[in-house]
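Good morning, everyone, and thank you for making room for me today. I would like to walk you through one structure slowly, so please have the sequence and the model open as I speak.

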Amino acid sequence: MAVTGSNPAAQSAGPGNVPNSQGAQVSLSRERPGNSRAILGFSRWFPFYVMLAPGLIFFVIFHYVPIWEAQIAFEQVRIIPPNIWVGLKNFQMLFGSVVFWQVMANTIIISAMKMAFVFPVPIVVALLLNELRSARFRQSIQSVLYLPHFLGWVVISAIFIAQLSPSDGAVNDVLKLVGLKPISFMTEPNWIRWILVISENWRSAGWDSLLYMAAIIGIDQTLYEAAEIDGANRWQKIWHVTLPGIVPTIATLFILNCGMFLNADLDQVINMQNDAVISQIDIIDTYVYRIGLTAGQFSLATAAGLFKAVLGMGLILAAHVISKRLTGKGVW
C-alpha cells in the first residue's frame, strides 16, 4: 500500500542518509574531524613510534643539537658566558697549523686506502656467497664472516696486537718457519696503515655484504634463466646479470661512503695508535679529540670538526652528481 503525504526527499534518501528540514540529505557517515583522524592514526602506529623513538632521540642529541653548537667554531669560549665572537680567527689558526695539514694528509691517505681496498670486498663476498650451492654451508660461512662485526675495536685491536707480536705472534711464527725475520707490525710506520685496512676488512666485510646479498635476492630469476638459455656460464651470468642488478645499491653505498670519506674511524685508530706510528695514523678525529678534550681548545676543535663536516657534504653532492651522470643512479 502506498503511503500518502510522504516527503519525496525522505523516500529518495538511502540508508545512512536522513532529510533535513529543507529536504536536503545529511550524511550520517561524515568524515572524522582532522584532530580525531590524527589521534586515531597515532594510536594505530604507536608501537612503531615507540620502537623508532630511541633512534630519533639519538640523532636529535648527537646530530641535530651539535649543529647549533657549531657556532663555537666562530667564538672564543669562556668559562663564564657569553662567549666572544671572533669570526674566522679559529679557522685561520687551524689552516695555519702544520700539524693540521699533516693529520689531513693522513686522513685522506687512510680513507683512500679503505675506499680502494675495503669498499669492494663486501661486493666480492656477496657474489661468492651467492654462488654457493649448499644453503647450509653458505649459512655457516656467513655466520663466521658476520661474527667480527659484533666485536668492539678494543677486542679487535687486542687480537691483532697479539697475533702480530714480534716475539710470540702467530704471523711472525710463520715468518720464522719460512726463514724470514720477525716484523714488529704494530710499531712499523710502513705497515700500520695496512693493518688498519686488513682489520677493517676482517671486521666489516661479512656484515656489509648483507646489503648486497639482499639486492642479489631481489634480482628477477627469469634473467638468469634467459642467460642460461643463451648459453651463458656462471661468470658471464655474474657479469651480465648479477652485477648490473646490484649497481643501484653499489652506487648508493659508494655515495654514502664518500660522505664519510674523512671519517677514518676514530675507535679503530685510537686503539691501534702508539708513539712509534702516531705520525702515520694521526687523523682529524684524533686531532680533534686531542686538542678539544685533552688541551681544552674547544673552539679550535669545533672548527676542525665543522670543516670536516662541510667537506664531507661537498663530497656527497659531488659523488651524487657523478654517479647520476655515469650510472643514472644516485641518492635521490
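I will go through salt bridges, a pocket, a surface patch and a few details of the backbone.

Please keep in mind throughout that this is a predicted model.

Let me begin with the salt bridges, of which the count comes to five, and I will take three of them in turn. In one of these, the side chains of Glu200 and Lys114 meet, with 4.0 Å from N to O. Glu200 belongs to helix H9 and Lys114 to helix H4, which covers residues 98-117, so this pair ties together parts that are 86 residues apart in sequence. Are these two charged residues buried or exposed? Glu200 counts as buried because its relative accessibility is 11%, and Lys114 is buried as well, with a relative accessible area of 12%; the cut-off that matters here is that buried means under 20%.

Another salt bridge brings together the side chains of Arg234 and Glu131, at 3.0 Å from N to O. This pair also links distant parts of the chain, since Arg234 sits in helix H11 while Glu131 is in the loop between helix H5 (120-130) and helix H6 (135-146), 103 residues apart. Arg234 is partly exposed, with a relative accessible area of 38%.

In the third one I want to show, Asp285 and Lys308 meet through their side chains at 2.7 Å, again from N to O. Asp285 lies in helix H15 (residues 284-294) and Lys308 in helix H16 (residues 298-327), so the two tie together parts that are 23 residues apart in sequence. Asp285 counts as buried at 15% relative accessibility, and Lys308 counts as buried at 15% too.

Let me turn now to the second largest pocket, which has a volume of about 280 Å³. Which residues, of the 13 that line this pocket, are the closest to its centre? They are Asn130, Glu131, Arg133, Tyr224 and Lys237, and you will recognise Glu131 as the partner of Arg234 in a salt bridge. Helix H9 (189-217), helix H10 (221-229) and helix H11 (234-245) are the elements that each give two or more residues to the lining, and H10 gives the most, with four residues. Sorted by class, the lining of this pocket holds five nonpolar, two polar and six charged residues.

On the surface, there is a nonpolar patch of about 950 Å², made by Phe42, Trp45, Phe46, Phe48, Tyr49, Val50, Met51, Leu52 and Leu56. If we take Phe46 as one of these, we find it in helix H2, residues 34-69, and Phe46 is partly exposed, with a relative accessible area of 42%.

Finally, some details of the backbone and loops. Pro81 and Pro82 are joined by a cis peptide bond, with omega about 5°, and Pro82 lies in the loop between strand S3 (75-76) and S4. Gly87 is found in the loop between strand S4 (84-85) and helix H3 (89-95), and Gly87 is buried, with a relative accessible area of 16%. The C-alpha atoms of Gly87 and Ala73 are separated by 8.3 Å, although these residues are 14 apart along the chain.

What is the sign of phi in Asp265? Phi is near 75°, a positive value in a residue other than glycine. Asp265 is found in the loop between helix H12 (247-259) and helix H13 (266-272), and is partly exposed, with a relative accessible area of 22%.

Technical notes
Residues numbered from 1 in each chain as written. Predicted model: local features only at pLDDT ≥ 70, side-chain atom pairs only at ≥ 80, totals over all residues. Heavy atoms only, no water. Patch = residues over 30% accessible without salt bridge, like charges linked within 9 Å, V, L, I, M, F, W, Y side chains within 5 Å. Areas by Shrake-Rupley, 256 points an atom, 1.4 Å probe, with all protein chains shown as cover. Buried < 20%, exposed > 50% of the residue type's maximum accessible area, 1.4 Å probe, protein only. 1 Å grid on protein atoms, 1.4 Å probe; cavity = no way out; pocket = protein on both sides within 12 Å on 5 of 7 lines; lining within 4 Å. Points joined across faces, edges and corners; volume = space filled by probe spheres on them. Nonpolar A, V, L, I, M, F, W, Y, C, P; charged D, E, K, R; others polar.
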